[in-house]
Amino acid sequence: MQAFNQFAYNLLGPAGPMILIAGLGVLLLILAIPMFFLSRSNPMDRLDMSSGRHKVDAETRAVLREKQKNQKLNKYAQFLEPQDAKELSDVRLKLLQAGYRTKDAVQIYYFAQFALGLGGLLIGLAYFFLILDPSTASTQQTVMYTLGPGAAGYMFPKYWITSRVQKRQEEIEGGFPDSLDMMLVCVEAGQSMDQAIVRVSNELRASYPSLADEFELVSYEMKAGKDKSAVLNDMGERCGVQDVMSFVTVLNQSQSFGTPISDALRVYAAEMRDKRVMRAEEKANKLPTKMTLTTMMLTVPPLLIILVGPSVVGISDLGSIGSTMGQ
């Protein structure tokens, strides 16, 4: 061990042992990557090469291929999914709120973290060994240039999902009052709640696609025979917006007590309009405070230069004249 440490120290400097161990770990990861992509032959290929005893139509073939599309990820699901049920549920809910509803979204999320982290680590090591001089780099620089890109690549999917959730929630929050007004018009025109939801989803597609997708999914689940209360509660969880959750509570209570849905929609739509106006006024009132610091940074320094600059120049000229007369 001492001979290894001495060899690494002579080759790469004080951080040589750590660099060699990290490089060995990266090499083992690279050698292990092909194992994730080794799989058995596609059964559909064997059907294509058969003598024709089993005829499969185009629709069935497409369904089977879709099931085997992400077979490699499903094969290693235990490595690409958290084993804790609560953590898995939280990650799946986060991806649903971001708009990723596919079955293998969790696996793709963790695989993206693994792939980007490993890619960033390789880029950092390549930059450190090929462009910089490892012998003159300090321990802080070694850690920053080798592990920094890997950590950034590993955290990028989490940042992307968080920003996507925030953007989607803002879009739903902005378009929800308009959807309630449309739904109220449809219900008062004689349409049922299911028909009103379908019509609203079609009308909101151009301006608020995320909210339209949620209403469309609700209509599909209702057509499939799922309980309406459960469907609405699932919508509230997927959106993650307090206004939608309150709307779900209002509809469930209206259905439980037998009150007209149009009355509940009318009252709640008016509240949502008032709330949207108050949010706009809140942003407008915050704007002067946010602009104060920027205005001072961009206005005060030029003003000081204009006012104080001539005096400073005059004082410096008087100082130079006085020194000349003194000589």
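These are my notebook entries on helix packing and buried residues in a predicted model.

**Ground rules.** I number residues from 1 along each chain as its sequence is written, and side-chain values use heavy atoms, with hydrogens and water left out. Because the model is predicted, local features need pLDDT of at least 70 and side-chain atom pairs count only at pLDDT 80 or more, while totals for chains, interfaces and linings use all residues.

**Entry 1, two helices.** I looked up α7 (residues 85–98) and α8 (residues 105–130), whose axes come within 10 Å and cross at roughly 95 degrees. Helices here are DSSP runs (H or I, at least four residues) numbered from the N terminus, and axes are lines fitted to C-alpha atoms over the stretch in contact, with angles from 0 to 180 degrees between N-to-C directions. The crossing therefore makes α7 roughly perpendicular to α8 (65 to 115 degrees). Contact (heavy atoms within 4.5 Å) involves, among others, Leu 88 and Leu 95 of α7 and Tyr 109 and Tyr 110 of α8.

**Entry 2, the cores.** I noted that the largest nonpolar core, a set of buried Ala, Val, Leu, Ile, Met, Phe, Trp, Tyr and Cys residues joined through side-chain atoms within 4.5 Å, has 30 residues. To this core α9 gives the most, with seven residues. Apart from it I found another core of ten residues, among them Leu 88, Leu 95, Tyr 110 and Ile 161.

**Entry 3, one glutamine.** I found Gln 113 in helix α8, where it counts as buried because its relative accessibility is 5% (buried means under 20% relative accessible area, with a 1.4 Å probe and protein chains only). Leaving out residues up to four places away in sequence, Gln 113 touches Gly 153, Tyr 154, Pro 157 and Lys 158.

Conventions: Parallel < 35°, antiparallel > 145°, perpendicular 65-115°, else oblique. Buried < 20%, exposed > 50% of the residue type's maximum accessible area, 1.4 Å probe, protein only.
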